[in-house]
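Grab your viewer and a scratchpad. Below are a few exercises, each with a solution worked through in steps.

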Amino acid sequence: MSFSSTIRTELGELPIKPLCCRRAFLYGLLYGARVEGDQITAEFSVTKDESYQPYEQAVYLIRTLFSRNAGVTHVSRGAHRYALVSFGFKKTADHLATLSELPEEEAECETLYRAFDFKCEDCAVHFLRGVFLACGTVNDPAKSYHLEIKLPTDGRVEPVRILMAEAGYEMGKINRGEKTGLFCKGGGTIQELLAYLGATSLVFDFFNAQIERSIRNDENRATNCVAENISRAIRSGARQFAAIEYLDEQNLLAALPDDLQFTARLRLNNPDITLSELAELHFPPISKSGLHHRLEKIMAFYEKNQKNSP
Ligand SMILES: [Zn+2]
């Protein structure tokens, strides 16, 4: 299985619980797909060895969210495989048409959140994951660092770029003849972006490939950079833990909103578990990006209190 297929399969199989996030994922898939015809048909290019599962999921979502008929057809044209998802849901298609016409100056983050109907802090990441599944590829890190999102129309590039930037990923624009979209180079950023989208198990492969590659090419600088990334992650975890301990000692945890307080106490009681495990421990479980948000808020609260203390 190619690296790209493996990533896409992992991303396509992630469960999504909240209704708003499911819809955001579906919108992302449709936003990245070529949509044509009266009986709306969204065409997804499926890489060799890749499962059709994400597109079956699109059909399932259309059925459950909108109670409409939808079906998926598998087609091969030459060496290429396609999943054609067809559905009779005009409202979604009309909605997408207006979204794709958003003028650039109007496409601010808040406008987009409203236009895409995001309801919670995790909707954006599910939307972007859908977009990536519909039209994203990533090269095998053993060969080169390159991630690309080829969007079906020019007008859809800027909104996706803005949402990516809001999440902390600055992407470059592709302008090559008919191809239009976004790209990202550099091992560190691609790996973080994949982890953000939810391909966490493969990020370790990415780490390894990065280290092997840098050893092979004798790029000591790159190895240092990987080591620096790892130690930065450890340092930031230790800093967060120390901050929570401090807040606990000063009896300040109770001043946090309930959800943040819950997260802080979970971290305090489980100092050794990973962020994914910590996110899972929540009831109901929250996403890793949701957990990041909470930890950032706790850190902000800690820093504010540090400043205020004599
Ligand atoms: Zn949501």
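The exercises go from the overall fold to the metal site, the salt bridges and two single residues.

Some ground rules before you start: this is a predicted model, so local features need pLDDT of at least 70, side-chain atom pairs count only at pLDDT 80 or more, and totals for chains, interfaces and linings use all residues. Residues are numbered from 1 along each chain as its sequence is written, and side-chain values use heavy atoms, with hydrogens and water left out.

**Exercise 1. Take stock of the fold: how many helices and strands does the protein have, and what share of its residues is buried?**

Step 1. Run the secondary structure. You should get 13 helices and eight strands, where helices (H or I, at least four residues) and strands (E, at least two) are DSSP runs numbered from the N terminus.

Step 2. Compute accessibility. Buried means under 20% relative accessible area, exposed over 50% and partly exposed in between, using a 1.4 Å probe and protein chains only. Of the 310 residues, 46% come out buried.

Step 3. List the contacts, meaning heavy atoms within 4.5 Å. Taking contacts between residues at least 6 apart in sequence, 64% join residues at least 24 apart.

**Exercise 2. Work out which residues coordinate the zinc ion and what geometry they make.**

Step 1. Find the donors: N, O and S atoms within 2.8 Å of the metal (3.2 Å for Na, K and Ca), bearing in mind that water is not among the atoms, so sites may look incomplete. The SG atoms of Cys 20, Cys 21, Cys 120 and Cys 123 coordinate the zinc ion at 2.3 Å.

Step 2. Check the angles. They run from 95 to 119°, which makes the four-donor arrangement tetrahedral; the test for that label is that all angles lie between 85 and 135 degrees. For reference, the ideal value for four tetrahedral donors is 109.5 degrees.

Step 3. Read off the spacing, which is C-C-x98-C-x2-C. Cys 20 sits in helix H2 (residues 19–32) and Cys 120 in the loop between helix H5 (109–115) and H6, so this pair ties together parts 100 residues apart in sequence.

Step 4. Add accessibility. Cys 20 is buried at 15%, Cys 21 is buried at 0%, and Cys 120 is partly exposed at 26%.

Step 5. Look for disulfides too (pairs of cysteine sulfur atoms within 2.5 Å). Searching the whole structure turns up zero.

**Exercise 3. Is helix H6 enclosed or open, and why?**

Step 1. Get its length. H6 covers residues 123–135, which is 13 residues, and spans 19 Å from first C-alpha to last. That's close to the expected 18 Å, the expected span being 1.5 Å times one less than the number of residues.

Step 2. Count buried residues. The tally is 13 of the 13, so H6 is largely enclosed by the rest of the structure.

**Exercise 4. Which residues are linked in a network of salt bridges?**

Step 1. Set the criterion: a side-chain nitrogen of Lys or Arg within 4 Å of a carboxyl oxygen of Asp or Glu. The structure holds eight such bridges.

Step 2. Collect the pairs. Glu 158 bridges to Lys 173 with closest N and O atoms 2.8 Å apart. That pair links helix H7 (residues 157–166) to strand E7 (residues 172–176), 15 residues apart. Glu 170 meets Arg 161 at 3.9 Å, N to O.

Step 3. Join them up: Glu 158, Arg 161, Glu 170 and Lys 173 form the network. Within it, Glu 158 is buried at 10%, Lys 173 is partly exposed at 41%, and Glu 170 is exposed at 58%.

Step 4. Try one more pair. Glu 43 and Arg 77 form a salt bridge at 3.3 Å, N to O. It connects strand E2 (residues 40–46) with strand E3 (residues 70–77), 34 residues apart.

**Exercise 5. What is Arg 267 in contact with, and what is Lys 179 in contact with? Skip neighbours within four places in sequence.**

Step 1. Arg 267 is in helix H11 (residues 258–269) and is buried at 7%. Its contacts are Phe 241, Ile 244, Asp 272, Ile 273, Leu 275 and Leu 278.

Step 2. Lys 179 is in strand E8 (residues 179–185) and is partly exposed at 41%. Lys 179 touches Lys 150 and Ile 174.

Conventions. Tetrahedral: all angles 85-135°; square planar, octahedral: opposite > 155°, others 65-115°.
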